[in-house]
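Trainee: Could you walk me through one part of this model up close? I'd like a single helix and what surrounds it, taken slowly.

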Amino acid sequence: MSIKLRLKNIIGRSEINALERIKYVADHDQLTGLYNRNKFFECTRKLIDEHEDTLFAFIHCDIDRFRLVNSYFGEEEGDKLIKFMGRNVKQAEKRFPFCTYGRIESDVFCVVVPYFEDVVEKAIKDFTEALINYNPSYYIEPSFGIYIIDTRNTSVETMYSRSAMAAKKCKDKYMTYTAFYDNGMAEELFNKQELINDMQEALENEQFVVYFQPKYSLKKKAFCGAEALVRWNHPRKGFISPGEFIPIFEQNGFIAQLDYYVWEHTCILLRKCIDLGLNPDPVSVNISRVNMYNTRLVEIISLLTKKYNLPNSILNLELTESAYMDNPDTMIKIVMALQKKGFVVMMDDFGSGYSSLNTLKDIPVDYLKVDMKFLPTGKSNGRSEKILVSVVKMAKLLDLPVIVEGVETEEQKDFLESISCEYVQGYYFARPMSPMDYEEILRESVMA
Ligand code: C2E
Ligand code: CA
Ligand code: CA
């Protein structure tokens, strides 16, 4: 006798319906009717175990900035989009002989299918197109992360996180919707976690070292100040460059503390140089975009220069152009408040973004920093030079001095001289150096 029939003898029909209902609710997502996380994981385990000879692909799909759909168009619209995704995910049934799929959370769906490259590719392409064309009034960008299940006995949970790591790789990459997991990604994540574990102790033990890269005046043919750049002297990993840890600290907010540390060490060096009679030129420090949201920023920096009894004009502040694009009004307010206190403000990475010209019109900075690397190189038929010439010309019209960074060769230097660019910074003149070496440069220029 079947379980159902046996049960029927013990409890009535309506109870069975109620039990089935409970079971259904426990296994399914209410909105889409697809399996929920637990049930999907369970079925996927079974699917992989039952098809020993099949190579599977674990596909993670979500939408970039899905939150925005909810907040701009309302939850009802968000729900509609989720249901639409659910219906598309279900199509896997028609394309593959066997598969599992489910809604993991919010806008995250997963599908596990046999890895027939062409079929998978076509399925993703169709799904992407459906999403992009879903609603002409807003732009949807999906991310597909694919983990080819090469170790079948790993937990489904791990397979899921590998596919999620791959999906993360396509976020913020324009027109890239698909990425495959590779072992380097896990290593990268592990490395990142290690840096996060070590950061607080590193700050307390002064493992962060502030280097100084001299700036050079082409007109005066002499060094004129420097930029403070942080490095991490890690006890196990050695010297780590900021490109590796700054983006992580910007994500987790630790950059606010690290920036303060760099500003303070810069003030300490400047105080020391003044006391030694070295007559230092201003040194600039970087201000991370995260600090733009600190309402006490201006006060904090002012207290620091006061603490070391320095004139505000000796600490220059570099704000990145992209921070301006995040929030123009806040940035304009901050720049003006800093200038009112006597600080000099530089716009860093000018030309890296898209709204550079607008930026110049609206924002009252004192200097412009342009990086050579933002200019197209190679077969540009002199276009990059033309861009630089017009930036320098335009800046002149606005009475805005320009500092060109990343100058590595004599030709670049000669070219910049020929277009009357006044300030430069780059390996050709000097690399970032320890405070001791920088003091030496100041000593030499005092004697000259
Ligand atoms: P950035 O502010 O644009 O700094 C200039 C970068 O260009 C520095 O890299 C510098 O070493 C490098 N550089 C200078 N001259 C040349 C050259 O001739 N050729 C080439 N290829 N590169 C040159 P670094 O020190 O690795 O710093 C990278 C970025 O990390 C900085 O870019 C800045 O955005 C960030 N950063 C560094 N220190 C700090 C800090 O204390 N706070 C914050 N918020 N960001 C920092
Ligand atoms: Ca900078
Ligand atoms: Ca820069």
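**Helix H11 and the core around it**

Mentor: Let's begin at the far end: just after H11, Gly277 takes a positive phi of about 75 degrees. Keep in mind that this is a predicted model. The helix itself covers residues 255-275. Does its length add up? Well, at 1.5 Å a residue, the 21 residues of H11 should span 30 Å, and since its end C-alpha atoms are 30 Å apart, the two agree.

Now for the packing. The largest nonpolar core has 78 residues, and H11 supplies the largest share of that core, with 9 residues. The residues with the most contacts inside the core are Phe208, Phe245, Phe249, Leu258, Leu368 and Leu416. Take Leu368 from that list: leaving out neighbours within four places in sequence, Leu368 is in contact with Met347, Phe350, Leu360, Val391, Ala395, Leu400, Pro401, Val402 and Ile403. There's another core apart from the largest one, made of 28 residues, with Val89, Ile124, Ile140 and Ile146 among them. As a general point, nonpolar side chains in soluble globular proteins tend to be buried together.

Finally, have a look at helix H10, residues 242-252, where you'll find Ile248. Ile248 counts as buried because its relative accessible area is 10%, against a cut-off of under 20%. Setting aside residues up to four places away in sequence, Ile248 touches Lys192, Leu195 and Ile196. On the backbone side, the C-alpha atoms of Ile248 and Gln193 are separated by 9.4 Å, though these two residues are 55 apart along the chain.

Terms used
Residues numbered from 1 in each chain as written. Chains lettered and ligands numbered in written order. Predicted model: local features only at pLDDT ≥ 70, side-chain atom pairs only at ≥ 80, totals over all residues. Heavy atoms only, no water. Core = buried A, V, L, I, M, F, W, Y, C linked by side-chain atoms within 4.5 Å. Buried < 20%, exposed > 50% of the residue type's maximum accessible area, 1.4 Å probe, protein only. Helix = DSSP H or I, 4+ residues; strand = E, 2+ residues; numbered from the N terminus. Contact = heavy atoms within 4.5 Å. Expected span 1.5 Å × (residues − 1).
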